[in-house]
Structures are given as C-alpha cells and as structure tokens.
Amino acid sequence: MYWGGGPKVQRFEQAFADLLGKKHCFFHSSGSSALITALFATECGPRRPVVIGSSGFVAAINAVYHNRARPVFLATDPQTLQATDVGYEQVEDQPAALVLTHFLGNLVDVPRIASAVAADRVIEDAGQAHGARLDGVLAGSMSDIGSFAGSHKKLVTAGQGGSNVTDDAVLHARMRMVGHHGKASRSVGEVPGYNFRGGEMEAVLAFHAMQRLDERVAARQSTASAVETVLGEAGVTVARTLGPRAQPAWFDVALILPEEWRSHRDWLVRALKAENVPVATYPSLIEMPWVKPWMRAEGWWSDREEDLLTAERDLWGRVVVLGAQLTPQDGARCATVITDLLTGQR
Ligand SMILES: *Cc1c(COP(=O)(O)O)cnc(C)c1O
C-alpha cells in the first residue's frame with residue numbers, strides 16, 4: 001500500500017481526478033515536489049527551453065532549476081499581473097514545456113499563450129486557483145498537467161501536499177517514477193529520484209477539504225469583493241481579471257500602487273503589518289537573486305533578459321497583496337486601513 005499510495009491516498013486521487021475531469025492524479029508531499037515531477041515528466045532536462053511566466057510562485061522556477069532546464073521568461077501583464085505572450089520571442093530550440101501559473105487565484109490565459117508558444121507540453125500551476133475557471137473550464141484542467149499545492153492556506157489544503165492531474169498515462173508514469181525514488185518497478189532505480197509521495201493523513205485532510213471547495217471559493221470571492229469595494233472607492237488600483245471569461249478564486253487581492261508610492265512600498269508594508277493587516281510582497285520569478293548569476297553562467301542571459309528584469313522589477317515593486325483568507329468584514333477592515341494609510345488619514 002505504502003509504495004503505490006495507501007487507501008486514503010487512492011481515494012483522494014480518484015476523487016480529485018474526477019473533479020478535474022482527468023484520468024490520473026498523483027498525490028505528492030508538497031506543491032513544490034508536484035511541480036518538479038511534472039517538469040521531469042516533460043523530459044525538459046538537461047538544458048532544453050522551458051517557457052515560464054515571470055508571474056508566479058517561486059516553486060515553479062525552482063522546479064525548472066532542479067530539472068536542469070533553461071528558463072525562458074514571459075513578461076507580466078501590468079493590469080492582470082498574469083503572464084502574457086506579448087513580447088515573447090521564440091528561442092532557437094523547441095521549448096519542451098510551457099509553465100503558467102494562475103497567480104493569486106486569478107486566471108492566466110492558458111489557451112492563448114499555449115498557442116503562441118507552441119511548446120511540446122503545457123503545465124498549469126494552479127496551486128492558488130483550485131475551483132477558479134476560465135471560459136467555464138477549471139484551472140488545472142486545460143493543459144497536459146495540472147499541478148496543485150496543498151499547504152495550509154490553499155483551497156484544497158492537506159496541511160502539506162500537492163497533486164498533479166493528467167490524461168496522459170506516460171506522463172503520469174514518469175511523474176510517479178521520479179517521485180518514488182526513480183523506481184518504475186519495485187526494485188530498480190531508473191533515474192535519480194526522490195520520495196515525493198503524499199501521506200495517508202494528508203490525503204484524509206485533502207479529501208475533506210475538497211468536499212468544501214465551492215463553499216471556500218465563494219467565501220474568498222466575497223472577501224475579495226468586500227476588499228475591492230473599499231479600495232475602489234478610494235481609487236486604489238487592484239489586479240484585474242481577463243474579464244467575463246474569468247471566474248477567479250482569489251487567493252490574494254493585489255494592489256498596484258501609484259507611481260509616487262514606488263519608493264515607499266516597503267514602508268507601507270511595515271506600517272500595515274504593524275496594524276495587523278496580513279499583506280505580503282512577491283518578487284517576480286526572474287528577480288530571484290540566484291536566477292541571473294545561474295543563467296549568465298549557462299550563457300542564457302542576454303539583453304532581452306536584462307530588459308525583462310528591469311520591467312518586472314518596476315511592476316512588482318509597486319505590488320502589495322492582501323490575503324483573501326479572511327472574513328469579508330475583516331477584509332473590509334484591512335482595506336480601510338490600507339486606504340487610510342495611502343490617503344494620509346492614518
Ligand atoms: C504554494 C504554492 C506552490 C508550492 O507549494 P508547496 O506545497 O508550498 O511546496 C506552488 N505554486 C503555487 C502557485 C503555490 O501557491
């Protein structure tokens with residue numbers, strides 16, 4: 001039972017695959033390990049291009065590094081804060097994979113970017129977007145592999161966990177192999193793998209969290225709209241969706257600060273934390289301090305990357321996010337503190 005997942009893991013995997021309308025699900029120990037096996041399954045390493053949005057959670061770029069692939073970053077749309085194919089130029093080699101994150105529980109335009117990039121495989125990081133929909137289709141089900149995280153703040157939380165779904169039996173087998181010490185059978189390690197299997201207790205938590213997904217998405221949506229109402233009345237810009245096509249499952253509400261606040265953003269975050277407002281900042285993925293030295297050493301850093309780094313820093317340096325894991329009342333209270341600080345009333 002242990003090696004193939006115990007009965008509780010198998011029950012969750014079946015239920016989660018059914019929810020997403022997919023044939024297979026592999027329950028992992030974390031969202032990060034799920035992204036690593038997903039990329040491994042695409043055979044992107046070593047050194048093959050993986051096109052990846054610079055908008056996302058750090059686990060996605062970490063997974064590219066650990067698969068020894070070459071990242072090719074996509075810019076972030078300044079209104080939605082999601083990856084965009086605008087400005088994307090094809091590199092010489094055919095991309096092995098495209099990795100797109102539905103960041104902050106908002107929706108990235110997977111079909112559009114997938115057709116522009118034409119990578120061999122598409123992976124969606126839906127770690128913050130369980131239950132979100134684009135054109136009526138669930139996040140994580142519009143690509144070759146949908147990858148989900150399951151830590152405490154996620155919508156289908158397992159305490160710690162992660163899940164990959166796919167229709168492709170070969171991708172599924174490769175994910176399981178690398179996440180199970182590299183073993184395709186009971187004894188032989190085919191590749192240097194890991195133990196990334198999710199546990200029984202975590203699967204029980206995930207299974208029960210999943211039963212309440214609709215309720216939890218609705219709760220986050222109502223908190224997000226309570227926050228947006230207060231911010232909107234004060235003229236604060238928040239990240240937009242792709243319009244009527246998108247039904248987000250807001251993980252965070254992102255504020256895009258006016259230009260004059262740029263150099264005061266970190267002060268604002270400290271002031272808000274002092275008022276117990278749960279805000280955070282996210283550098284974009286190309287900004288991670290180890291990325292440029294690594295890509296330079298590999299010969300993958302050109303003027304294009306330098307320009308993108310400048311533009312992404314510029315944009316994400318004006319972003320502050322407020323977690324949507326609050327009641328609508330608390331969300332509105334937090335938004336009032338934010339607007340009071342921005343308008344000098346506090
Ligand atoms: C949380 C998260 C992850 C990583 O999950 P862990 O379980 O923390 O490893 C990956 N992607 C996104 C979008 C996430 O929010």
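How far does a polar side-chain atom of Gln128 lie from an oxygen atom of the ligand? The distance is 3.0 Å. Keep that contact in mind, and remember that this is a predicted model. We will start at the ligand and work outwards.

The ligand has 13 residues around it. The closest are Gly31, Ser32, Asp125, Gln128 and Lys154. Two further polar approaches can be added to that of Gln128. Lys154 places a polar side-chain atom 2.8 Å from an oxygen atom of the ligand. Asp125 places a polar side-chain atom 2.7 Å from a nitrogen atom of the ligand.

Asp125 is a good doorway into the sheet. Asp125 belongs to β5 and stands opposite Thr101. Strand β5 covers residues 121-125 and pairs with β4. The two strands are parallel and share five bridges. Asp125 also has a bridge partner in β8, namely Ser147. Here β5 and β8 run parallel, joined by three bridges.

Now step back to the whole sheet. The sheet is open and has seven strands. Read across it and the order is β1-β9-β8-β5-β4-β2-β3. The pairing is mixed. The edges are β1, residues 24-28, and β3, and each of these pairs on one side only. From one strand to the next, the twist averages 20 degrees.

Strand β8 deserves a closer look. On its other side from the story so far comes β9, which pairs with β8 in the antiparallel sense over five bridges. Ile145 of β8 has Thr166 of β9 as its bridge partner. How many residues of β8 are buried? Five of its five are. In a regular strand, side chains alternate between the two faces of the sheet. Look at the two sides of β8 in turn. Ile145, Ser147 and Ala149 are buried on one side. Gly146 and Phe148 are buried on the other. Both faces of β8 are covered.

Helices pack around this sheet. Helix α1, residues 7-20, lies across β1, β8 and β9. It runs at about 130 degrees to β1. Helix α3 has its own set of buried residues: Ala59, Ala60, Ile61, Ala63 and Val64. An α-helix has 3.6 residues a turn, so residues three or four places apart point the same way. The buried residues of α3 pack against α2, β2, β3, β4, β5 and α9.

What follows α3? Arg68 does, with a positive phi near 60 degrees. Arg68 sits in the loop between α3 and β3. Arg68 counts as exposed because its relative accessibility is 57%, and the cut-off for exposed is over 50%. Most residues other than glycine have a negative phi, and most peptide bonds are trans. Glu43 is another non-glycine residue with a positive phi of about 60 degrees. Glu43 lies in the loop between α2 and β2. At 46% relative accessibility, Glu43 is partly exposed.

The loop between α2 and β2 also holds Pro46. A cis peptide bond joins Gly45 to Pro46. Its omega is about -10 degrees.

Another loop, between β3 and β4, contains Thr80. Is Thr80 buried or exposed? It is buried, because its relative accessible area is 7% and buried means under 20%. Its contacts reach across the sequence. Leaving aside neighbours within four places, Thr80 touches Asn106, Ala239, Arg240, Thr241 and Leu242. There is a polar approach closer by in sequence as well. A polar atom of the Thr80 side chain lies 3.2 Å from the backbone nitrogen of Gln82.

Compare Ser115, in helix α4, which spans residues 110-117. Ser115 is exposed, with a relative accessible area of 59%. Its C-alpha is 16 Å from that of Pro49, and the two residues are 66 apart in sequence.

Finally, turn to the cysteines. Cys25 is buried, at 4% relative accessibility. Cys334 is buried too, with a relative accessible area of 8%. How many disulfides does the structure hold? The number is zero.

Key:
Residues are numbered from 1 along each chain as its sequence is written. This is a predicted model: local features need pLDDT of at least 70, side-chain atom pairs count only at pLDDT 80 or more; totals for chains, interfaces and linings use all residues. Side-chain values use heavy atoms; hydrogens and water are left out. Helices (H or I, at least four residues) and strands (E, at least two) are DSSP runs, numbered from the N terminus. Buried means under 20% relative accessible area, exposed over 50%, partly exposed in between (1.4 Å probe, protein chains only). A polar contact is a pair of N or O atoms within 3.5 Å; within protein, one must be able to donate a hydrogen and the other to accept it, and residues adjacent in sequence count only if both atoms are side-chain atoms. Contact means heavy atoms within 4.5 Å. Two strands pair if DSSP finds at least two bridges between them. Axes are lines fitted to C-alpha atoms, for helices over the stretch in contact, and angles run from 0 to 180 degrees between N-to-C directions. A disulfide is a pair of cysteine sulfur atoms within 2.5 Å. A residue is near a molecule or strand if one of its heavy atoms lies within 4 Å of it.
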